[in-house]
Amino acid sequence: MNTLKIPAETVTEAHIQAYERDGVVCIKNAIPMEFIEIVRPAADWCRQNPGPYDRDIAREEGQFYGGQYMWLRNEAFKNFLFKSPSGAVAARLLRSETIQLYYDFLLTKQPGASNPTPWHQDRLYYPLSGNGADSLLSLWIALDPVTLDSGGMEYVAGSHKWQKLYAPEAFNSDSRFNDLDIQRVPDIDGNRDDYRILSWDLAPGDCLVHHVMTVHGSPENHADVERRGLAIRWMTGEVRYDPRPGTVPEQNTVIASEPNLIAPGCRIEGPDFPKFRVETMPFT
Ligand SMILES: O=C(O)CCC(=O)C(=O)O
C-alpha cells in the first residue's frame, strides 16, 4: 500500500468538527503550490485533448468541461493523487488511517461560461452501495483564484443530515436522468433565505471538502478569469458495486471493465481504485 503524508496542522480538530456539523469545510493551503503548478498545465492539456470519460457539459463547446479519470491517462494527475496530501486530507476528515480513491473529476468553467451547476447531491450518481458509499467525500481543489462571480461552489449547510436521497441532476440539457422516479432536490434558489448557504473565496491550493449527501451547486462564470476545480472523490469502509439505472455510465464502465472487472455486489477493489495508508506528521 502507498503512503500519503500530511502535516498535523493542515487538518485540525476544528476542521473535522465543522465538516461533521455542516457537511462541508474549507481548508486553506491544503495542497502545496508545487502540486498545483504541475497539475494546471495538465488540466489544460486534458481539456484540449478529451479522453474517453470526458464530457463537454456546456451548450457552447469548450465552456464548461468535465473530465473524469484523468489520472488513468495523464502522469501529472497520477503523480498528484499519489504524492499530494489530497487523500490524506480526506482520511483525516473521516478520522481514518487509510483511504481509497474513487475517481478524479476536473471541472473547468471558462470566462463567460453560461451554465450554472444545478443544485444536486452526489450519492445517487454513483453505482455504489455500502457504508463507505454513504460517507464518501469529495475534495474540490482550486487551481485558480475562485469567487462566487467566477463560479465558486455553494453548499447547503447541514443537508447531509436531512436523511433524503435525491435524483441526480444533469449538468446540461441531456436526458440521462430524466426517467428516474426519485424525489428531486428542493428549489434552493427560490427559497435561499430558508437555508444556510456556505461559500468561500479560494486561492489556488485551498480546498472545499463535502460529504456525499451534501446539497451543492455553483453559478455561471461571470468573471474574466478561468475557474478550474479538481474534484477528487475518496472513500473508506465497505463499498460495493451497485449498477442501478441512472448512475453515471462512465463510472460503470471503469468499474466493470479491464483491469478491474468488478461484478455487481462485489467490493470496489482493483488497480483503478488504489488504497493508501496515511501518516500524520507531528506539529512543526
Ligand atoms: O465544479 C462544479 O461546478 C461542480 C462540482 C461538483 O458538483 C462536485 O464536485 O460534486
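The legends below accompany close-up views of a predicted model.

**View 1. The whole chain, seen as a fold of six helices and 15 strands.**
The C-alpha atoms of the chain occupy a box of roughly 45 × 40 × 40 Å along the principal axes. A compact globule of 284 residues would have a radius of gyration near 19 Å, and the chain, at 18 Å, agrees with that expectation. Of the 284 residues, 45% are buried, and among contacts with a separation of 6 or more, 83% are between residues 24 or more positions apart.

**View 2. Strand β13 and its two antiparallel partners, β5 and β8.**
Strand β13, which covers residues 227-235, has nine of its nine residues buried, so the strand is largely enclosed by the rest of the structure. In a regular strand the side chains alternate between the two faces of the sheet. In β13, R227, G229, A231, R233 and M235 point one way, while R228, L230, I232 and W234 point the other way, and the residues of both sets are buried. The pairing of β13 with β5 (residues 98-109) is antiparallel and extends over nine bridges, and within it D104 has I232 as its bridge partner. Strand β8 (residues 137-142) is joined to β13 by six bridges, also in the antiparallel sense, with W140 bridged to A231.

**View 3. The shell of residues around the ligand.**
The residues around the ligand are F105, L107, T117, D122, S138, W140, H216, S218, G229 and A231. Four strands, namely β5, β8, β12 (216-218) and β13, each supply at least two residues of this shell. By residue type, the shell divides into four nonpolar, five polar and one charged. Two of the shell residues, W140 and A231, are also the bridge partners that link β8 to β13. A231 and G229, both in the shell, belong to the set of β13 residues that also includes R227, R233 and M235 and points one way from the strand.

**View 4. An open sheet of four strands, in the order β6-β12-β9-β10.**
The strands of this sheet are paired in the antiparallel sense. Strands β6 (117-120) and β10 (197-198) stand at its edges, each with a single partner strand, so one side of each is left without a neighbour in the sheet. At the β10 edge, the antiparallel pairing with β9 (residues 154-156) consists of two bridges, and Y155 is bridged there to L198 of β10.

**View 5. Helix α2 and the elements that cover its buried residues.**
Helix α2 has 16 residues (33-48), which at 1.5 Å a residue should span 22 Å; the end C-alpha atoms are 23 Å apart, in agreement with that value. I36, V39, A42, A43, C46 and R47 are the buried residues of α2. An α-helix has 3.6 residues a turn, so residues three or four places apart point the same way. The cover over the buried residues of α2 includes β4 (64-68), α3 (75-83), β5 and β13.

**View 6. Helix α4, an enclosed helix, and the residue R95 that follows.**
Eight of the eight residues of α4 (residues 86-93) are buried, so this helix is largely enclosed by the rest of the structure. The buried residues are S86, G87, A88, V89, A90, A91, R92 and L93. R95, which follows α4, has a positive phi, near 50 degrees.

**View 7. K5 in strand β1, an exposed residue with contacts far along the chain.**
K5 lies in β1, residues 2-7, and is exposed, with 12 other C-beta atoms within 10 Å. Setting aside residues up to four places away in sequence, K5 touches P85, A88, E279 and M281; of these, A88 is one of the buried residues of α4. K5 and V278 are 273 residues apart in sequence, yet their C-alpha atoms are 5.9 Å apart in space.

**View 8. I255 of helix α6, a buried residue.**
I255, in helix α6 (residues 249-256), is buried, having 26 other C-beta atoms within 10 Å. Apart from neighbours within four places in sequence, I255 is in contact with P127, Y241, N260, I262 and I268. M153, by contrast, is 102 residues from I255 in sequence and 28 Å from it in space, C-alpha to C-alpha.

Notes. Residues numbered from 1 in each chain as written. Predicted model: local features only at pLDDT ≥ 70, side-chain atom pairs only at ≥ 80, totals over all residues. Buried ≥ 20, exposed ≤ 12 C-beta atoms within 10 Å, placed from the backbone. Pairing = 2+ DSSP bridges. Near = placed C-beta within 6 Å. Nonpolar A, V, L, I, M, F, W, Y, C, P; charged D, E, K, R; others polar. Expected span 1.5 Å × (residues − 1). Contact = placed C-beta atoms within 7 Å. Rg over C-alpha atoms; globule rule 2.2 N^0.38 Å.
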